[in-house]
Amino acid sequence: MATLAYLYAPHISADIEQAIEPALRGRPLVMEEKGRVADCSWEAAALGVEAGVPLRQARLACPDLEVRTLRPDRARRHIESVWEALASAGAAVEPDTSGGAFVEPPRGLALPQGLAAPVRVGLPATSVIGTGPTRLVAKAAALEEAERLHRMLPRIQPDRLRSTGVFVRHVEPDAARTFLEGLPMRHFWICPHAIQLQLTLLGFRTVGEVARLGPEALTERFGPIGWDLWQKSRGVDPSPVLPAYPPPSVARGLDLDGSGFSLTEQGAALAEQVRRWALELGAELESRMQLALTLGIRLTLTAPRRQPALRDAPRGAWSAAGGWVTLSEAIRLSEQRRQARAFTDLAVRLLQRLVRQARFWLQAGASPLRLDLVAAPLQPARPRQASLMGPGEPPRPARMSQAIQAVCRQVGPGAIRAASGESLTRREAMLTLVEQGVGLP
């Protein structure tokens with residue numbers, strides 16, 4: 001069974017700030033954002049300061065608190081350097097919304113030793129690594145290790161944490177079920193917060209208690225997600241790490257130098273070309289079952305012959321380096337705009353905005369070199385369940401009955417309860433289909 005890892009730095013922003021400003025080392029420090037504590041140092045955490053609390057409340061816990069403004073781009077650069085090193089070594093790196101990343105090592109790279117080395121070199125922060133056979137086990141092991149370090153703070157100096165650098169919690173595949181048996185509900189991170197709150201109010205304290213509840217009760221209360229929670233609470237999770245770093249993208253481009261296209265004189269022909277690109281990008285994303293978060297267009301020009309008055313430049317993103325000027329326009333794609341059919345109108349609109357921006361540079365003597373349409377970053381689309389029925393629209397009870405009969409024919413009589421001729425309620429029918437891994441029509 002493959003072993004996965006989860007890399008996480010509990011106080012990365014504060015650790016990096018202390019590494020850049022040595023006078024802050026050993027002092028309680030918080031990183032402030034909009035009047036709240038966005039991150040705190042290990043010294044501040046030892047005094048009871050937590051992320052998310054108002055800054056005024058943090059000062060009550062520690063009057064001599066040092067305060068700095070949060071710089072998320074600084075922490076992002078450091079953590080991305082580690083991800084880049086791992087991806088270059090052939091590892092699959094999948095960042096998540098918590099600031100950590102799942103890592104599946106390439107063949108021949110031993111965990112956790114092969115992962116700890118680049119982390120120590122590229123990340124000036126105390127980090128934790130959790131390893132295990134599934135994503136749930138790996139991340140839960142990292143969260144438990146971070147919690148253990150916080151419990152040790154009254155008895156251990158933060159300088160000792162920094163000298164070690166990387167702490168590892170390894171869970172062997174054979175011990176995964178035992179690990180999940182005693183895992184607190186607060187570390188059952190795959191469980192949606194609303195469901196986790198319901199289970200906690202019902203008296204569940206560990207993931208093992210959820211597993212012992214059984215699939216019927218969980219599916220009865222929470223639907224198909226209950227089945228998924230039951231499976232993963234028992235250590236059954238075949239989902240792999242998705243290689244999402246560097247963020248993938250799809251693009252179409254054209255060299256304008258010598259192509260015959262003119263930005264100003266052949267606007268209709270260029271708009272038609274961009275429209276075709278948008279259709280191709282949309283079709284490619286649909287075939288790959290992916291979604292793009294942004295759609296952007298980029299124009300590269302030669303440097304102008306005379307320096308223009310930049311204060312008169314139209315609004316838009318641009319950069320100049322190495323004898324070239326790059327103009328860009330982008331739009332964030334909402335849920336409705338991520339459909340392929342919406343790409344064409346957005347692409348043409350971006351082109352019009354780009355042309356208005358380019359006229360200023362063309363008048364200064366710049367020459368267009370290349371035009372690119374880019375959809376990035378990409379993420380997996382939600383899997384769509386295939387209907388068991390044809391294009392007709394029979395009533396829902398009839399569709400449910402036909403679906404159950406189709407499952408019976410596939411698995412044979414007696415394999416599921418419907419095969420015995422029992423009359424099933426709608427809930428029981430849904431559970432039957434979920435048990436067989438069949439999507440509801």
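**Exercise 1. Glu144 and its surroundings**

In this predicted model, find the contacts of Glu144 beyond its neighbours within four places in sequence, and decide whether Glu144 is buried or exposed.

*Solution.*
- Step 1: set aside the neighbours within four places in sequence; Glu144 is then in contact with Arg169, Phe179, Leu183, Pro184 and His187.
- Step 2: place the residue. Glu144 belongs to helix α6, which covers residues 135-152.
- Step 3: check the accessibility. The relative accessible area of Glu144 is 19%, and buried means under 20%, so Glu144 is buried.

**Exercise 2. A proline in a strand**

Locate Pro368, classify its accessibility and work out how its C-alpha atom stands to that of Thr302.

*Solution.*
- Step 1: Pro368 is part of strand β13, residues 368-380.
- Step 2: with a relative accessible area of 23%, Pro368 falls between the 20% and 50% cut-offs, so Pro368 is partly exposed.
- Step 3: Thr302 is 66 residues away along the chain, yet the two C-alpha atoms are separated by 6.5 Å.

**Exercise 3. A sheet and the helix across it**

Trace the open sheet that contains β2, β3 and β4, then place helix α1 on it.

*Solution.*
- Step 1: write down the strand order. The three strands run β3-β2-β4, with mixed pairing.
- Step 2: find the edges. These are β3 (36-40) and β4 (66-69), each of which pairs on one side only.
- Step 3: add the twist, which averages 40° from one strand to the next.
- Step 4: look at one pair. Four bridges join β2 (residues 29-33) to β3 in the antiparallel sense, and Glu32 has Val37 in β3 as its bridge partner.
- Step 5: inspect the loop between β2 and β3, where Lys34 lies. Most residues other than glycine have a negative phi. Lys34, though not a glycine, has a positive phi of about 55°. Its relative accessibility is 81%, so Lys34 counts as exposed.
- Step 6: lay on the helix. α1 (residues 12-20) lies across β2, β3 and β4 and runs at about 115° to β2.

**Exercise 4. Two helices that meet**

Describe how α1 and α4 are arranged and which residues meet.

*Solution.*
- Step 1: choose the descriptors. Two packed helices are described by the angle between their axes and the distance between the axes.
- Step 2: apply them. The axes of α1 and α4 (residues 72-88) come within 9 Å and cross at roughly 95°.
- Step 3: angles of 65 to 115 degrees count as roughly perpendicular, and α1 and α4 are therefore roughly perpendicular to each other.
- Step 4: list the residues. From α1 come Ile12, Ser13, Ile16, Glu17 and Ile20; from α4 come Arg74, Ala75, His78 and Ile79.
- Step 5: sort them by class, which gives five nonpolar, two polar and two charged residues.

**Exercise 5. The buried face of α11**

Explain why the buried residues of α11 line one face of the helix.

*Solution.*
- Step 1: pick out the buried residues in α11 (residues 215-222), which are Pro215, Leu218, Thr219 and Phe222.
- Step 2: look down the axis of α11. These buried residues fall within an arc of 95°, so they line one face of the helix.
- Step 3: recall the helix geometry. An α-helix has 3.6 residues a turn, so residues three or four places apart point the same way.
- Step 4: follow the chain onward. Gly223 comes after α11 and has a positive phi near 75°.

Notes. Residues are numbered from 1 along each chain as its sequence is written. This is a predicted model: local features need pLDDT of at least 70, side-chain atom pairs count only at pLDDT 80 or more; totals for chains, interfaces and linings use all residues. Side-chain values use heavy atoms; hydrogens and water are left out. Two strands pair if DSSP finds at least two bridges between them. Axes are lines fitted to C-alpha atoms, for helices over the stretch in contact, and angles run from 0 to 180 degrees between N-to-C directions. Contact means heavy atoms within 4.5 Å. Buried means under 20% relative accessible area, exposed over 50%, partly exposed in between (1.4 Å probe, protein chains only). Angles under 35 degrees count as roughly parallel, over 145 as roughly antiparallel, 65 to 115 as roughly perpendicular and the rest as oblique. Ala, Val, Leu, Ile, Met, Phe, Trp, Tyr, Cys and Pro count as nonpolar, Asp, Glu, Lys and Arg as charged, and the others, Gly among them, as polar. The arc is that of the directions from the helix axis to the C-beta atoms.
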